[in-house]
Amino acid sequence: MCGIAGLINFDLNCQKENPGKVLRNMLDHLRHRGPDDRGEERIQSANGTTFHLGHQRFSIIDLTLGGHQPMSNDDKSVWISTNSEIYNYKEIKRDLELKGHRFSSNSDSEVIVHGYEEWGVNVLQKLKGMFAFACWDNKLKKLILARDRFGEKPLYYGWIQDTFFFTSDLITIKHIENFEPEIDKEALYRYINLNYIPCPGTIYK
């Protein structure tokens, strides 16, 4: 279990709370998901927007600093923060090494980075496991959020004014400035009847 979080503020003249401080606050509320390590990355886009990506790590496969996240490829054009357990990562890693990719860790997360570098979003078709991750493509200026087919790993996202947020846990969004949590009565009704809230709803509007 790990925690991912990030935000992009599209109001370039924004004088609100510092986005880096907001990210750190989000990560503080994700520490229960990953107490072993924390990582933060500030990525400047050519169009003037800044992407803030964070990670709270629960070390399982690679216990060294090689598994530190957010993680990037060699030229730092691809960044990832992931909460994942990829069951077939060794097989994918061998395929990528045959294609010339070189790895600096034994982490299954690094396999996703190089897999995206090689196949783009089609890497999702190769992953077997449970995962939720954020992948930033700095060349395309594109953010990809992905979750496993059964939704085993949580992933929440949404807009608060001019800022797009994502996180592993709703409690992090609850503490964001200017967010006023309001219960979604339809979602509450579904929870009472089904014992869960179907995607794409949450308990908050």
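In this tour a helix is a DSSP run of H or I with at least four residues, and helices are numbered from the N terminus. The model on your screen is a predicted one, and each stop below tells you what to select and what you will find there.

**Stop one: a patch on the surface**

Begin with helix α5, which covers residues 185–194, and select Leu188 within that helix. Leu188 has a relative accessible area of 35%, and because partly exposed covers the range between 20% and 50%, Leu188 counts as partly exposed. Now add Ile183, Tyr191 and Ile192 to the selection, since together with Leu188 these residues form a nonpolar patch on the surface, with about 390 Å² of accessible area in total.

**Stop two: the largest pocket**

Move next to the largest pocket, which has a volume of about 680 Å³. Its lining is made up of 26 residues, and the ones to select are Leu155, Tyr156, Pro200, Gly201 and Thr202, which lie nearest the centre of the pocket. Which element gives the most to this lining? The answer is β8, with five residues, and if you colour β7 (142–147), β8 (156–160) and α4 (170–174), you will have marked elements that each supply at least two lining residues. Sorted by character, the lining consists of 20 nonpolar residues, three polar ones and three charged ones.

While strand β7 is coloured, pick out Leu145, which lies in that strand and is partly exposed at 26% relative accessible area. If you then select Ser81 as well, you have two residues that are 64 apart in sequence, although their C-alpha atoms are 9.9 Å apart in space.

**Stop three: the backbone at two prolines and two lysines**

Return to Pro200, which sits in the segment after α5, and look at the peptide bond that leads to it from Cys199, for this bond is cis, with omega near 10°. A second cis peptide bond runs from Gln69 to Pro70, with omega near 0°, and you can find Pro70 in the loop between β3 (50–57) and β4 (71–72).

Following the chain from there, select Lys76 in the loop between β4 and β5 (78–86). Lys76 is not a glycine, yet it has a positive phi of about 60°, and its relative accessible area of 49% makes it partly exposed. Lys141, in the loop between β6 (129–137) and β7, also has a positive phi, here of about 55°, without being a glycine, and it counts as partly exposed at 33%.

**Stop four: salt bridges**

Side chains of opposite charge can pair when their charged atoms come close. The structure holds five salt bridges, and three of them are visited here. Select Arg24 and Glu40, whose closest N and O atoms are 3.6 Å apart; this pair connects helix α1 (residues 19–28) with strand β2 (residues 37–44) across 16 residues of sequence.

Which residue pairs with Asp28 in a salt bridge? Select Arg38, whose side chain meets that of Asp28 at 2.6 Å, N to O; here too the link runs from helix α1 to strand β2, between residues 10 apart.

For the last selection, take Glu182 and Lys205, which form a salt bridge of 3.3 Å, N to O. Glu182 belongs to the loop between α4 and α5, while Lys205 belongs to the segment after α5, 23 residues away. Is each partner exposed or partly exposed? Glu182 is partly exposed, at 45% relative accessible area, whereas Lys205, at 63%, counts as exposed.

Key: Residues numbered from 1 in each chain as written. Predicted model: local features only at pLDDT ≥ 70, side-chain atom pairs only at ≥ 80, totals over all residues. Heavy atoms only, no water. 1 Å grid on protein atoms, 1.4 Å probe; cavity = no way out; pocket = protein on both sides within 12 Å on 5 of 7 lines; lining within 4 Å. Points joined across faces, edges and corners; volume = space filled by probe spheres on them. Nonpolar A, V, L, I, M, F, W, Y, C, P; charged D, E, K, R; others polar. Patch = residues over 30% accessible without salt bridge, like charges linked within 9 Å, V, L, I, M, F, W, Y side chains within 5 Å. Areas by Shrake-Rupley, 256 points an atom, 1.4 Å probe, with all protein chains shown as cover. Salt bridge = Lys/Arg side-chain N within 4 Å of Asp/Glu carboxyl O. Buried < 20%, exposed > 50% of the residue type's maximum accessible area, 1.4 Å probe, protein only.
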